[in-house]
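Hi there,

Here is the structure I promised to pass on to you. Have a look at it first, and then read my notes underneath.

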Amino acid sequence: MMTTPLGIIAGTGFYDLDALEDPVVETVETAYGEARFTRGRWHGIPVVFLTRHGAGHSVPPHLVNYRANIRALADAGVRDVVAVNVTGSIDPELEPGDLLCLDDFLDFTKGRVSTFHDGSGPEGVVHVDVVGAYHPELRREILDAASVVGEAIRDGGVYACFEGPRFETPAEIRLARLAGADVAGMTGVPEVVLAVEAGLRYAAISLVVNPAAGVGAQDPITMDEITAVLAASSAKVLAILDDLVHTRATFAS
Ligand SMILES: CSC[C@H]1O[C@H](OP(=O)(O)O)[C@H](O)[C@@H]1O
Ligand code: HPA
């Protein structure tokens, strides 16, 4: 049985997938520029793993070539993408280490190229519907996998994407909260939008690594704090991915 590779996009704190068997790094040229990913097998099924900030986390969130990354995955035969985004919590009920399976987003970015559709293609002007951009069936797979491995994950969450690379002001976070955001990040958009435009099924796990600006204690957000939460909690995300892939492998065989 032919299985299309599962795409995994991860960012801060997730630079290697040790579980990948026979990993091969590929640098590919797309119509939008270069992208780099690692092909391998996980539980026997093909996986394409892409670190969105590039080798050694060298690309800041506002300069990630989101179009090249998504185009490269689509060109590599990927049809389903599970993304990981680390975030600051806006909902005061959330704590560092908490997980959410996102179901909507707010776009506070500026200055990013956010679409493949510039009107020059044969389809002319295109307006893509992004209701359900986080694919319901793929979300279900994440939630089921979390349940199997016993990791708590909130079913749903609104991701507010800011331009970065600076963290937000407390006022920006209050605005996002008023608009219904649960978590803040810098990379989820336009990644999810481009995935939809490219016809990919996309879902995202958000790992909270700090309270967003002005939420809770007024301490500055530090990389030390974020690194400590990642060290304590990234295994939860990997366990969910492992079960999701294992379940797919079981059904593929
Ligand atoms: C290290 S804090 C800011 C950084 O972390 C998030 O990364 P990612 O979305 O790639 O998981 C955030 O968006 C920023 O890029
Ligand atoms: O507080 C934050 N804001 C935006 N992006 C983030 N990524 C991790 N924490 C944060």
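Let's start with histidine 53, which you'll find in the loop between E4 and H1. One thing to keep in mind as you look around: this is a predicted model.

Is histidine 53 buried, exposed or partly exposed? It counts as partly exposed, because it has 18 C-beta neighbours inside 10 Å and the buried class begins at 20. If you skip its neighbours within four places in sequence, histidine 53 is in contact with Gly11, Ser58, Val59 and Val64.

Now go to arginine 52, in the loop between strand E4 (45-51) and helix H1 (66-75). This one is buried, because 22 other C-beta atoms lie within 10 Å. Its contacts, again leaving aside neighbours within four places in sequence, are Ile9, Gly11, Val64, Asn69 and Thr187. Gly11 and Val64 may ring a bell: they also appear among the contacts of histidine 53.

There is a record to go with this. An unreviewed UniProt entry lists Thr12, Arg52, His53 and Thr187 under "binding site". These positions are spread over 176 residues of sequence, yet they cluster in space, with a largest C-alpha distance of 10.1 Å. One of them, Thr187, is also on the contact list of arginine 52.

On to ligand 2. How many residues surround it? The answer is 13, and the closest are Gly88, Ala184, Gly185, Met186 and Ala212. Strand E5 (80-89), strand E10 (183-185) and strand E11 (201-211) are the elements that give two or more residues to this shell. E5 gives the most, with 3 residues. By type, the shell around ligand 2 divides into 8 nonpolar, 4 polar and 1 charged.

Last stop: phenylalanine 108, which sits in strand E7 (residues 104-108). Phenylalanine 108 counts as partly exposed, because it has 18 C-beta neighbours inside 10 Å. Not counting residues up to four places away in sequence, phenylalanine 108 touches Ala160, Cys161, Phe162 and Ala176. If you want a distance to try out in your viewer, go from phenylalanine 108 to histidine 127: they are 19 residues apart in sequence and 19 Å apart in space, C-alpha to C-alpha.

That's the tour. Happy browsing!

Best wishes

Key: Residues are numbered from 1 along each chain as its sequence is written. Chains are lettered from A and ligands numbered from 1 in the order in which they are written. This is a predicted model: local features need pLDDT of at least 70, side-chain atom pairs count only at pLDDT 80 or more; totals for chains, interfaces and linings use all residues. Helices (H or I, at least four residues) and strands (E, at least two) are DSSP runs, numbered from the N terminus. A residue is buried if 20 or more other C-beta atoms lie within 10 Å of its own, exposed if 12 or fewer, and partly exposed in between; C-beta atoms are placed from the backbone. Two residues are in contact if their C-beta atoms, placed from the backbone, lie within 7 Å. A residue is near a molecule or strand if its C-beta atom, placed from the backbone, lies within 6 Å of it. Ala, Val, Leu, Ile, Met, Phe, Trp, Tyr, Cys and Pro count as nonpolar, Asp, Glu, Lys and Arg as charged, and the others, Gly among them, as polar. UniProt positions are given in the numbering used here, feature names are shortened, and annotations may be inferred rather than shown by experiment.
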